[in-house]
Amino acid sequence: MRYLILTSVKNEDIEAYIKSTNNLKIPGVELIQSPHILYQSVDEARCITILETEYITKVLMFCQSLKPVESITLTALIESQDALEKIEKFESEKKKTESEYQKAEYPKLDIRSTNKLEILPLVDWRNENTDLQTEVGVSYLIRTDESTILFDLGFNMVDTHPSPLLNNMEKLGVSVDEIHSIFITHQHSDHVGGGKWIKDNTFSLSGEQIPLDVKVYTPVKMTYPGLEPIYSPNPFILGKGMASIGTISTAMFNDDIAKEMGIAVNVAGKGIVLIIGCGHQSLRRILERYKMLFDEPLYGIVGGLHYPVEGGPVGFYGYYPHIHLGTGKLPWDPISVDELMENIDLLRSFNPELVAISPHDSSPFSLNAFQKAFPGVFKEVIVGNTISI
Ligand SMILES: [Fe+2]
């Protein structure tokens, strides 16, 4: 697949930049056209590069190596046959997942209610206490009247043992023994405890798979030494006042179809709180699924909703990889400000009393927009700060 990258380069750095291109060698990336400074800037782009690779992550590594770059625009060269095939595959998977979603029908769930709901972020992208580690991944501890559920397992990006999740659990006085069950929202590396577990369809709380004696609910078939994880794609009752809303599939341009589920908790006298991992399903479909399953009012939503709009949680030289990844759209068609605002309006129509959006897959711009739209209702998701309902 051929990618076209347009980059801005500071004038004074151009000479050094051209020299440095001699060293630009990324395995798996073939430079079709080396970085080439444009005589006149086009839409602020000063430099053009064409490269060929299968994986968008290689493109991102390549972009990272372009040191003097201030901003990068990525597009695909669609005259390439590979690109056309990849786009066609994506478009057909998109249609397939949309029609599968339209056909899915589930009866209402009578889940009773819980008086207590506490959500303790164990892993996420922001902290206040620097003893607690942060990652662009998710793990929350959910405590209700009767259950303690570990919701996703973080990223452990540099593959350590103990992982940031175990480190933070220890610092926060949370023991593995108090967990009744593990709920995995979807099979992405920032939720199953690291990329290395995905190829074997397994998961982990750390760099090593520690002994576990819990129930595990998974959105795709998974295994774990000594356990039999329960493959649970359909909505089901998790315990008193808690249910899974079931998986919703979303086609991904650079990945397999994401099958993501979330949790709904019915808090007595308040209503349903939705707890979401990455939000690949889209807010619209999450809310539609909630309406299909419950009659209770929506009290709130907590977790990742995937709005890398005008930036992302991480960036380098003005380049934010999340903008192009996991959106359910083509990489060069990022989620726009208008789409973000439409989604915020949609959520506002439910009058929620709690909106706590994870910063692990949304930009500061989007978090700001939510904060402005929900005054007195918006809460930050911060590692170690319990959200009590
Ligand atoms: Fe995520």
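These legends accompany close-up views of a sheet and two of the helices beside it in a predicted model.

Residue numbers start at 1 in each chain and follow the sequence as written. Because the model is predicted, local features need pLDDT of at least 70 and side-chain atom pairs count only at pLDDT 80 or more, while totals for chains, interfaces and linings use all residues.

**View 1. The open sheet has 7 strands with mixed pairing.** Helices (H or I, at least four residues) and strands (E, at least two) are DSSP runs, numbered from the N terminus. The strand order is S11-S12-S15-S16-S17-S18-S19, where pairing calls for at least two DSSP bridges between two strands. At the edges sit S11 (236-239) and S19 (378-380), each pairing on one side only. From one strand to the next, the twist averages 25 degrees; angles run from 0 to 180 degrees between N-to-C directions, and axes are lines fitted to C-alpha atoms, for helices over the stretch in contact.

**View 2. S16 has an antiparallel partner in S15 and a parallel one in S17.** Look for the 5 bridges between S15 (residues 263-267) and S16 (residues 271-276), with Val265 partnering Val273. Another 5 bridges link S16 and S17, where Ile272 stands opposite Leu298. The path from S16 to S17 goes through H6 as a right-handed β-α-β crossover, meaning that it runs clockwise from the first strand over the helix to the second when the strands point away from the viewer.

**View 3. S17 is mostly covered.** Here 6 of the 6 residues of S17 are buried, that is, 20 or more other C-beta atoms lie within 10 Å of a residue's own (exposed: 12 or fewer; partly exposed: in between; C-beta atoms placed from the backbone). S17 also pairs with S18 in the parallel sense, over 4 bridges, and Val302 has Ala356 as its bridge partner.

**View 4. H7 has a buried side and an exposed one.** This helix (residues 337-348) has 12 residues and reaches 16 Å from first to last C-alpha, close to the 16 Å expected at 1.5 Å a residue, counted over one less than the number of residues. Leu340, Asn343 and Leu347 are its buried residues. They lie on the same side of H7 because they cover an arc of only 65 degrees around the axis, taken from the directions from the helix axis to the C-beta atoms. Exposed on the other side are Asp338, Glu342, Asp345 and Leu346. The buried residues of H7 pack against H6 (283-293), S18 (354-357) and H8 (364-373), with contact meaning C-beta atoms, placed from the backbone, within 7 Å.

Definitions and conventions:
Two residues are in contact if their C-beta atoms, placed from the backbone, lie within 7 Å.
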